[in-house]
Amino acid sequence: MKRIAIITGASSGIGEEFTRQICAKYDYDEIWIIARREEKLRQLADQLNAAKGRQLVRPVVMDVAGKAGVESLKAFIENEGKAQGELEIGLLINNAGFGTYGPFAETSINRQMDMVELNCTTVTGICGIALPYLKAGSVVINTASLAAFLPLGNFAVYGASKSYVLSFSIALAAELRDKRIKVCALCPGSVSTEFANVASNGARKEVKGGFPPQKVVAQCLKRAFKGKTVALYRPKWRVTAFMSRFVGRYLGARYTYKYNPRPRTPDTDLG
Ligand SMILES: NC(=O)c1ccc[n+]([C@@H]2O[C@H](COP(=O)([O-])OP(=O)(O)OC[C@H]3O[C@@H](n4cnc5c(N)ncnc54)[C@H](OP(=O)(O)O)[C@@H]3O)[C@@H](O)[C@H]2O)c1
């Protein structure tokens, strides 16, 4: 039986770093890396395969957003099963996601709904279609965020979408424990990736106060394989997550709305 690792959102940032570390430190027959930008995926796969001396990393160019995206991945896995024989998903990393900076009323509603589709529907759907391929010892990592712990002004839908990912992941961990399948929610604060550029429509190129992804990803992999349900790398992220229990939810949202503006090139179409 072939053991596969699947990483969504692998063409940049945290997903790219997951790919590099899994390729270097873990043992799978194939690593499928998924995103929409073919060139970026191919470059990463070529570089890692050349270093390994074999075709380990396989680029899968796919838009995984929403029900249609989940269906595409389901069909891909089924076809591979027919072509290659029985498959086991040893590691599944649901990492593709994006945010939008700025007040809800000033952001395209279509963009907000697309975000919920990718950040919530896709994570739910991919976990569902992966279930038959997860065996005892398999690990699932869902990328949530530190933003999952408190409602945030100027980040309203994003924070809510990541609260969903955190809550869902912990409940799934509880349900799959008896099958010895581990589920972990990665909850990073600011990490240096392309996130801010996407979230701000290009108004902010770099994530403010961004931390390099290497240690964040390494600690997450360690915790996930140990069966921990949440990965928070930096002490200040752990303190923030803990303290959020004592801050009123409305107060947190109102304060961040007033005092933590997030720049955004205005959407041309608010529909
Ligand atoms: N950076 C941070 O500060 C931070 C903090 C907390 C949580 N996070 C979370 O970390 C995850 C990774 O983000 P990142 O920070 O690494 O940002 P990033 O560099 O922008 O990476 C996002 C990844 O998602 C992929 N993606 C976006 N839409 C997709 C779609 N429809 N189908 C397939 N792939 C898609 C992108 O690839 P393509 O564009 O090629 O499709 C890219 O590989 C996200 O879930 C994000 O919410 C980030």
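**Figure 1. Partly exposed E194 and its salt bridge with K40.** In this predicted model, E194 has a relative accessible area of 29% and is therefore partly exposed. The partner of E194 is K40, and the closest N and O atoms of this salt bridge are 3.2 Å apart. The bridge links distant parts of the chain: K40 belongs to helix α2 (residues 38-52), while E194 lies in the loop between β6 (182-186) and α6, the two being 154 residues apart. K40 likewise counts as partly exposed, because its relative accessibility is 34%.

**Figure 2. The salt bridge between R3 and E88.** In this close-up, R3 and E88 form a salt bridge in which the closest N and O atoms are 3.5 Å apart. Two strands are joined by this contact, with R3 in β1 (residues 2-8) and E88 in β4 (residues 87-94); the residues are 85 positions apart in the chain. R3 is partly exposed, since its relative accessible area is 28%. E88, by contrast, is buried, because its relative accessible area is 11%. The structure as a whole has a count of 10 salt bridges.

**Figure 3. The salt bridge of R58 with E80, and the network around it.** The side chains of R58 and E80 meet in a salt bridge with an N to O distance of 2.7 Å. Here a strand is linked to a helix: R58 is in β3 (residues 57-61) and E80 is in α3 (residues 66-84), with their positions 22 residues apart in the numbering. E80 has a relative accessible area of 11% and so is buried, whereas R58, at 25%, is partly exposed. Both residues belong to a network of salt bridges that links K2, E30, R58 and E80.

**Figure 4. The edge-to-face pair of F155 and F195 within an aromatic cluster.** A search of the whole structure yields 12 aromatic pairs. One of them is formed by F155 and F195, whose rings are 6.3 Å apart from centre to centre, with 80 degrees between the planes, an edge-to-face arrangement. The pair joins distant parts of the chain, 40 residues apart: F155 is in the loop between β5 (139-143) and α5 (156-176), and F195 is in helix α6 (residues 195-199). F155 is buried, because its relative accessibility is 5%. F195 has a relative accessible area of 21% and therefore counts as partly exposed. Ring pairs link these two residues with Y101 and Y158 into a cluster.

**Figure 5. A patch of positive charge on the surface.** Four lysines, K25, K222, K226 and K228, gather in this patch. Among them, K226 is located in helix α7 (residues 213-226). K226 counts as exposed because its relative accessibility is 62%, and the cut-off for this class is over 50%.

**Figure 6. A nonpolar patch on the surface.** V239, F242, M243 and F246 make up a nonpolar surface patch of about 420 Å². V239 is found in helix α8, which comprises residues 235-243. With a relative accessibility of 48%, V239 is classed as partly exposed.

Key
Residues are numbered from 1 along each chain as its sequence is written. This is a predicted model: local features need pLDDT of at least 70, side-chain atom pairs count only at pLDDT 80 or more; totals for chains, interfaces and linings use all residues. Side-chain values use heavy atoms; hydrogens and water are left out. Patches are made of residues with over 30% relative accessible area and no salt bridge: like charges are joined within 9 Å, nonpolar side chains (Val, Leu, Ile, Met, Phe, Trp, Tyr) within 5 Å. Accessible areas come from the Shrake-Rupley method with a 1.4 Å probe; for residues, only the protein chains shown count as cover. Lys and Arg count as positive and Asp and Glu as negative; His and the chain ends are not counted. The place of a charge is taken as NZ of Lys, CZ of Arg, CG of Asp or CD of Glu. Helices (H or I, at least four residues) and strands (E, at least two) are DSSP runs, numbered from the N terminus. Buried means under 20% relative accessible area, exposed over 50%, partly exposed in between (1.4 Å probe, protein chains only). Rings of Phe, Tyr and Trp (its six-membered ring) pair if their centres lie within 6.5 Å; planes under 30 degrees apart count as stacked, over 60 as edge-to-face and the rest as tilted.
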